[in-house]
Amino acid sequence: MECAFCRIIAGTLPSRMAYQDDTVVAFHDLHPAAPAHVLVVPRRHVSGINDPAAEDGVLLSAMVRAANAVARALGLENGYRLVWNVGPDAGQSVFHLHLHVLGGRSLGWPPG
């Protein structure tokens, strides 16, 4: 199993979990870009949002619901950002579908 996120889901790579259900898991990013930085990933391997398997509306809805639950649990009532990075030029470095939850400070615009 080479995918780091699949290893986290399997429990063979340690992580600090923020949320889990039958469809998705969320864990704190090892290299946070904000005071709160959590990744929400599906339990099943999907390479990215541009993978045809990502067209599953139930899966994407579960990811957004989990992201909102994480934001509430982290007390991000002043706002937070949800980010999908698609491909290397956008900064995707792990090719397992994931949604970033960023907050805990004022986030500038435009990003990047």
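**View 1. Five strands make up an open sheet in this predicted model.** Reading across the sheet, the strands follow the order β1-β2-β3-β5-β4, and their pairing is antiparallel. At the edges sit β1 (17–20) and β4, each of which pairs on one side only. If you compare neighbouring strands, they are turned by 20 degrees against each other on average, direction ignored. Helix α2, residues 57–73, packs on this sheet and touches β1, β2, β3, β4 and β5. The direction of α2 makes about 155 degrees with that of β3. As a reminder for reading such views, strands of a sheet pair through backbone hydrogen bonds, in either a parallel or an antiparallel way.

**View 2. A hairpin joins β1 and β2.** Here you can follow the chain out of one strand and into the next, with three residues between the two. β1 and β2 pair in the antiparallel sense, and three bridges connect them. Which residue of β2 is the bridge partner of Gln20? That partner is Val25. Elsewhere in the hairpin, Met17 stands opposite Phe27 of β2. Keep Phe27 in mind, as the next view returns to this residue of strand β2.

**View 3. One aromatic pair is found in the structure.** The two rings belong to Phe5 and Phe27, and their centres are 5.3 Å apart. Because the planes of these rings stand at 70 degrees, and planes over 60 degrees apart count as edge-to-face, the Phe5 and Phe27 pair is edge-to-face. Phe5 lies in helix α1 and Phe27 in strand β2, so the pair links distant parts of the chain, 22 residues apart. In general, a pair of aromatic rings is described by the distance of the centres and the angle of the planes.

**View 4. The largest pocket holds about 330 Å³ of space.** It is lined by 20 residues, and the closest to its centre are Phe5, Asp29, Leu30, Leu39 and Val94. Phe5 is thus a familiar face, having appeared above as a member of the aromatic pair. Which elements supply at least two residues each to this lining? They are α1 (4–10), β2 (24–28) and β3 (36–42). The largest share, three residues, comes from α1. By class, the lining of the largest pocket has nine nonpolar, ten polar and one charged residues.

**View 5. The second largest pocket has a volume of about 180 Å³.** Around this pocket you will find Ala33, His37, Arg81, Val83, Asn85, His100, Leu102, Arg105, Leu107 and Pro111. Two or more residues of the lining come from each of β4 (80–83) and β5 (99–103). Sorted by class, the residues lining the second largest pocket are five nonpolar, three polar and two charged.

**View 6. A search of the whole structure turns up one cavity of 30 Å³ or more.** The volume of the largest cavity is about 30 Å³. Its lining is made by Gly48, Ile49, Trp84, Asn85, Gln92, His96, Leu97 and His98. How do these residues divide by class? Three are nonpolar and five are polar, with no charged residues in the lining of the largest cavity. Asn85 is worth locating here, since this residue lines the largest cavity and also appears in the lining of the second largest pocket.

**View 7. A cis peptide bond runs from Trp109 to Pro110.** The omega angle of this bond is near 5 degrees. To find the spot, follow the chain beyond β5: Pro110 is placed in the segment after that strand.

Definitions and conventions: Residues are numbered from 1 along each chain as its sequence is written. This is a predicted model: local features need pLDDT of at least 70, side-chain atom pairs count only at pLDDT 80 or more; totals for chains, interfaces and linings use all residues. Side-chain values use heavy atoms; hydrogens and water are left out. On a 1 Å grid over the protein atoms alone, a cavity is a set of points where a 1.4 Å probe fits but cannot get out, and a pocket is an open set with protein on both sides within 12 Å along at least five of seven lines; lining residues have an atom within 4 Å of a point. Grid points are joined across faces, edges and corners, and a volume is the space filled by probe spheres set on the points. Helices (H or I, at least four residues) and strands (E, at least two) are DSSP runs, numbered from the N terminus. Ala, Val, Leu, Ile, Met, Phe, Trp, Tyr, Cys and Pro count as nonpolar, Asp, Glu, Lys and Arg as charged, and the others, Gly among them, as polar. Two strands pair if DSSP finds at least two bridges between them. Axes are lines fitted to C-alpha atoms, for helices over the stretch in contact, and angles run from 0 to 180 degrees between N-to-C directions. Contact means heavy atoms within 4.5 Å. Rings of Phe, Tyr and Trp (its six-membered ring) pair if their centres lie within 6.5 Å; planes under 30 degrees apart count as stacked, over 60 as edge-to-face and the rest as tilted.
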